[in-house]
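Subject: Handing over a structure

Hello,

Here is the structure I promised to pass on to you. Please have it open while you read, and I will walk you through what turned up.

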Amino acid sequence: MKSLTRIQDDMQAFLLRGDRDVEAQVVGTQRVPVETRLGIYRHAYAARLVDALRANYPAMAKLLGEAQFDELGHAYVASHDSHSFSVRQYGNEFSSAMPTDFLQELARWEWTIADVFDAADAAPVTAASLVGIAPEEWSDLGFSFHPSTRPLTLATNAPQVWKALTDDAGPPAPASLEATTWLLWRHELRTFYRSLGKDEAQMLDGAIKGTGFGDLCARLCVHCTEDEAPARAAGFLRQWIESGLIVAVHR
């Protein structure tokens with residue numbers, strides 16, 4: 001007789017891959033044969049994961065409709081095992097299952113929105129924390145960002161379609177656009193997002209990677225004169241602090 005652990009492993013192999021070793025451990029009847037009994041569990045398992053995808057991608061589900069979403073969902077479940085105790089974490093690669101660039105970006109956007117909401121919290125700094133820093137120290141200043149900070153570059157109108165679907169309004173037609181970096185973050189239990197200009201997006205990318213303020217100013221010289229760069233960089237930094245994005249300033 002197999003151990004309980006082995007039977008559980010066989011059951012998992014059946015649910016995930018259709019392996020049939022577990023059939024020897026299941027009693028069937030003429031009315032409800034083994035295949036039917038096991039099939040109930042396998043169908044229920046897949047259906048539950050599709051429901052998890054629908055909960056994690058409500059705008060996508062609304063846009064596609066029940067039939068198409070179920071089709072894509074079941075195909076994803078068949079090729080992607082769940083590796084977390086929480087179904088909230090299921091579907092992080094769902095964008096790869098989407099048949100068009102627009103749907104892929106809508107899935108990436110919707111997952112990022114949920115990821116921002118679930119991210120860890122941290123206390124933001126205030127502008128007062130910069131008071132007293134000597135001018136010669138500014139060049140070496142670095143910044144740590146709130147754990148929810150997510151830059152995301154998209155080349156479609158996925159955010160606008162998502163917003164319309166979330167507001168129960170008629171969404172615009174999917175469209176390809178110039179690649180734009182969006183900034184998403186959470187502050188005081190609210191999720192925020194906005195599009196960035198190329199200059200701010202470049203500075204933000206460097207700041208997140210730990211680039212010092214002096215080098216961040218140098219990066220901006222691609223978009224403005226050398227004399228204008230410090231003021232523009234300071235303006236972006238002030239906006240980030242006021243938005244609750246910066247949680248630490250270090251030298």
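Of the 251 residues in the protein, 39% are buried. Please keep in mind that this is a predicted model. The protein has nine helices and five strands, and from the N terminus the elements follow the order α-α-α-α-α-β-β-α-β-β-α-α-α-β. If you take the contacts between residues at least 6 apart in sequence, 63% of them join residues at least 24 apart.

**The sheet**

A good place to begin is the open sheet, which has three strands in the order β2-β3-β4 with antiparallel pairing. β2 and β4 are its edge strands, each pairing on one side only. From one strand to the next, the twist averages 30 degrees.

On one side, β2 (150-156) and β3 (176-187) are paired over six bridges in the antiparallel sense. Two positions help you find your way along this pairing: T153 is opposite T181 in β3, and T156 is opposite S176 in β3.

On the other side, β3 pairs with β4 (190-196), again in the antiparallel sense, here over seven bridges. One of the partnerships to look for is that of L183 with R194 in β4. These two strands form a hairpin with two residues between them. In that turn, E188 has a positive phi of about 50 degrees.

**The loop leading into β3**

Next, have a look at A175, which sits in the loop between α6 (158-166) and β3. How far is A175 from T156, in sequence and in space? They are 19 residues apart in the sequence, while their C-alpha atoms are 5.5 Å apart. Once neighbours within four places in sequence are set aside, A175 has contacts with A155, T156 and N157. A175 is partly exposed, with a relative accessible area of 31%.

**Helix α7 on the sheet**

Helix α7 covers residues 198-208. This helix lies across β2, β3 and β4, and runs at about 120 degrees to β4. Which of its residues are buried? They are D199, E200, A201, M203, L204, G206 and A207. These buried residues pack against β1 (142-145), β2, β3 and β4, and also against the helices α8 (213-220) and α9 (229-242). Just after α7 you will come to G210, which takes a positive phi of about 100 degrees.

**From α7 to α8 and on to α9**

The axes of α7 and α8 come within 9 Å of each other and cross at roughly 155 degrees. That angle makes α7 roughly antiparallel to α8, and the crossing of the two is right-handed. On the α7 side the contact involves D199, Q202, M203, D205, G206 and A207, which meet F213, L216, R219 and L220 in α8. By class, the residues of this contact are five nonpolar, two polar and three charged.

α8 also meets α9. Their axes come within 9 Å and cross at roughly 115 degrees, so α8 and α9 are roughly perpendicular to each other. This crossing is right-handed. From α8, the residues F213, C217 and L220 meet A229, P230, R232, A233, A234, F236 and L237 in α9. The contact of α8 with α9 holds nine nonpolar residues, no polar ones and one charged. F213 and L220 are worth a click, as they appear in the contact with α7 and in the contact with α9.

**α5 against α6**

The last pair to visit is α5 (residues 101-118) and α6, which pack at an angle of about 65 degrees with their axes 9 Å apart. The crossing of α5 and α6 is right-handed. α5 brings F102, E105, L106, W109, E110 and I113 to the contact, and α6 brings A158, P159, V161 and W162. Sorted by class, the residues of this contact are eight nonpolar, no polar and two charged.

If you want a route through the model, you could start from the hairpin of β3 and β4, go on to α7 lying across the strands, and then follow the contacts of α8 with α7 and with α9.

Happy exploring, and best wishes

How values were computed
Residues numbered from 1 in each chain as written. Predicted model: local features only at pLDDT ≥ 70, side-chain atom pairs only at ≥ 80, totals over all residues. Heavy atoms only, no water. Buried < 20%, exposed > 50% of the residue type's maximum accessible area, 1.4 Å probe, protein only. Helix = DSSP H or I, 4+ residues; strand = E, 2+ residues; numbered from the N terminus. Contact = heavy atoms within 4.5 Å. Axes fitted to C-alpha atoms, helices over the stretch in contact; angles between N-to-C directions. Parallel < 35°, antiparallel > 145°, perpendicular 65-115°, else oblique. Left-handed = near helix turned anticlockwise from the far one by under 90°. Nonpolar A, V, L, I, M, F, W, Y, C, P; charged D, E, K, R; others polar. Pairing = 2+ DSSP bridges.
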